[in-house]
Amino acid sequence: MANGHFPPLKPSSVRTYSRADPGRQTAKQKLIRSAHDSHTRSKRREFDLTSTVKHRLLFLVLLAPLPLPAQRQIVSVPFRSVNSYMLVEACIDGTPVTLMVDTGANKTILNARSIGRVQLPVSQPVNQGAGIIGNALRLCVHVEIAHQCMFSQSVSVMNLEDLSKRFQIHFDGLLGQDILNQFRAVRIDYKAHVIELER
């Protein structure tokens with residue numbers, strides 16, 4: 001000091017870190033890696049939970065019972081055979097009638113007297129080939145077959161008394177395709193004398 005010279009400085013024991021210090025970079029990288037690993041584990045747990053929920057939902061869907069197909073209803077209508085003609089019992093507007101099953105007839109035809117409509121100006125049918133023709137009145141009636149099938153239906157009304165005498169069979173009308181077409185299928189069991197109407 002007296003000679004104008006400063007005493008030599010001793011090395012400091014305090015350690016400083018530069019930006020390029022490997023030790024500091026390692027600590028920072030560890031911190032970043034730890035945060036990254038924590039985020040990754042969180043994402044993995046979230047993915048595992050979502051995947052588990054999806055698998056459980058799929059399992060429940062597979063266990064769910066499948067909807068049953070609609071069951072078809074079959075109505076059995078007894079018939080009696082007279083001279084190779086099939087006769088069935090039915091009700092028209094609450095009146096019991098006997099109908100001859102005629103699968104070749106496009107329309108159902110009722111006898112006016114049989115359903116209590118004698119006052120209607122109806123005509124008698126005329127035979128022509130395999131069928132009958134004539135002027136008929138159209139009337140909406142309530143039809144009941146085998147005490148199970150009930151519906152409203154437009155039918156033709158004529159005077160069928162001479163036709164009944166010609167066939168030597170008592171019947172009150174012809175059951176045609178307009179009523180039979182109300183069903184999905186019509187099966188005739190000749191041995192059991194039953195007509196099956198499938199809805």
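In this predicted model, the side chains of Glu-89 and Arg-80 meet in a salt bridge, with an N to O distance of 3.9 Å. Neither partner is hidden from the surface: Glu-89 is partly exposed, with a relative accessible area of 43%, and Arg-80 likewise counts as partly exposed, at 41%. The pair belongs to a total of 6 salt bridges, and three of these are set out below.

| Acidic residue | Basic residue | N to O distance |
|---|---|---|
| Glu-89 | Arg-80 | 3.9 Å |
| Glu-196 | Arg-187 | 3.3 Å |
| Glu-198 | Arg-72 | 3.0 Å |

**The salt-bridge network**

The salt bridge between Glu-198 and Arg-72, at 3.0 Å from N to O, links elements that are remote along the chain. Glu-198 lies in strand S12, whereas Arg-72 sits in the loop between helix H1 (22-63) and S1, so the pair ties together parts that are 126 residues apart in sequence. The surroundings of the two partners can be contrasted as well, since Glu-198 counts as buried at 7% relative accessibility, while Arg-72 counts as exposed at 54%. In the bridge between Arg-187 and Glu-196, with an N to O distance of 3.3 Å, both residues count as partly exposed, Arg-187 at 34% relative accessibility and Glu-196 at 25%. These four residues, together with Arg-184, are linked in a network of salt bridges.

**Overall composition**

The protein has 3 helices and 12 strands, and of its 199 residues 27% count as buried. Among contacts between residues at least 6 apart in sequence, 61% join residues at least 24 apart. The accessible surface comes to about 14700 Å², and carbon and sulfur atoms account for 56% of that area.

**Nonpolar cores and a surface patch**

In soluble globular proteins, nonpolar side chains tend to be buried together. Here the largest nonpolar core has 26 residues, and those with the most contacts inside it are Val-88, Ile-145, Ile-195 and Leu-197. Two or more residues are given to this core by each of strands S1 (74-78), S3 (85-92), S4 (95-101), S8 (137-145), S9 (149-158) and S12 (194-198), and by helix H3 (177-180). Apart from this core lies another, of 9 residues, which includes Leu-87, Met-100, Ile-109 and Leu-160.

Which residues surround Leu-197, leaving aside those up to four places away in sequence? Leu-197 touches Gln-73, Ile-74, Val-75 and Val-77, and also Ile-145, Leu-180, Phe-183, Ala-185 and Val-186. Val-186, listed among these contacts of Leu-197, also takes part with Ile-188 and Tyr-190 in a nonpolar patch on the surface, whose accessible area is about 270 Å² together. Ile-188 is found in strand S11 (residues 185-189) and counts as partly exposed, at 30% relative accessibility.

**Cysteines**

A disulfide is a covalent bond between the sulfur atoms of two cysteines. A search of the whole structure finds 0 disulfides. The settings of Cys-91 and Cys-140 may nevertheless be noted: Cys-91 counts as buried, at 15% relative accessibility, whereas Cys-140 is exposed, with a relative accessible area of 54%.

**Backbone exceptions and helix H2**

Most residues other than glycine have a negative phi, and most peptide bonds are trans. Asp-93, although not a glycine, has a positive phi of about 55 degrees. Asp-93 is found in the loop between S3 and S4 and counts as partly exposed, at 37% relative accessibility. A positive phi also appears at Gln-168, where the value is near 60 degrees. Gln-168 lies in the loop between H2 and strand S10 (173-175), and at 69% relative accessibility Gln-168 counts as exposed.

Helix H2 itself covers residues 161-167 and contains Glu-161. Is Glu-161 buried, partly exposed or exposed? With a relative accessible area of 27%, Glu-161 is partly exposed, because that value falls between the 20% limit for buried residues and the 50% limit for exposed ones. Not counting residues up to four places away in sequence, Glu-161 touches Asn-111 and Arg-113. The C-alpha atoms of Glu-161 and Phe-171, which are 10 residues apart along the chain, are separated by 8.6 Å.

Notes: Residues numbered from 1 in each chain as written. Predicted model: local features only at pLDDT ≥ 70, side-chain atom pairs only at ≥ 80, totals over all residues. Heavy atoms only, no water. Core = buried A, V, L, I, M, F, W, Y, C linked by side-chain atoms within 4.5 Å. Buried < 20%, exposed > 50% of the residue type's maximum accessible area, 1.4 Å probe, protein only. Helix = DSSP H or I, 4+ residues; strand = E, 2+ residues; numbered from the N terminus. Contact = heavy atoms within 4.5 Å. Patch = residues over 30% accessible without salt bridge, like charges linked within 9 Å, V, L, I, M, F, W, Y side chains within 5 Å. Areas by Shrake-Rupley, 256 points an atom, 1.4 Å probe, with all protein chains shown as cover. Disulfide = S-S within 2.5 Å.
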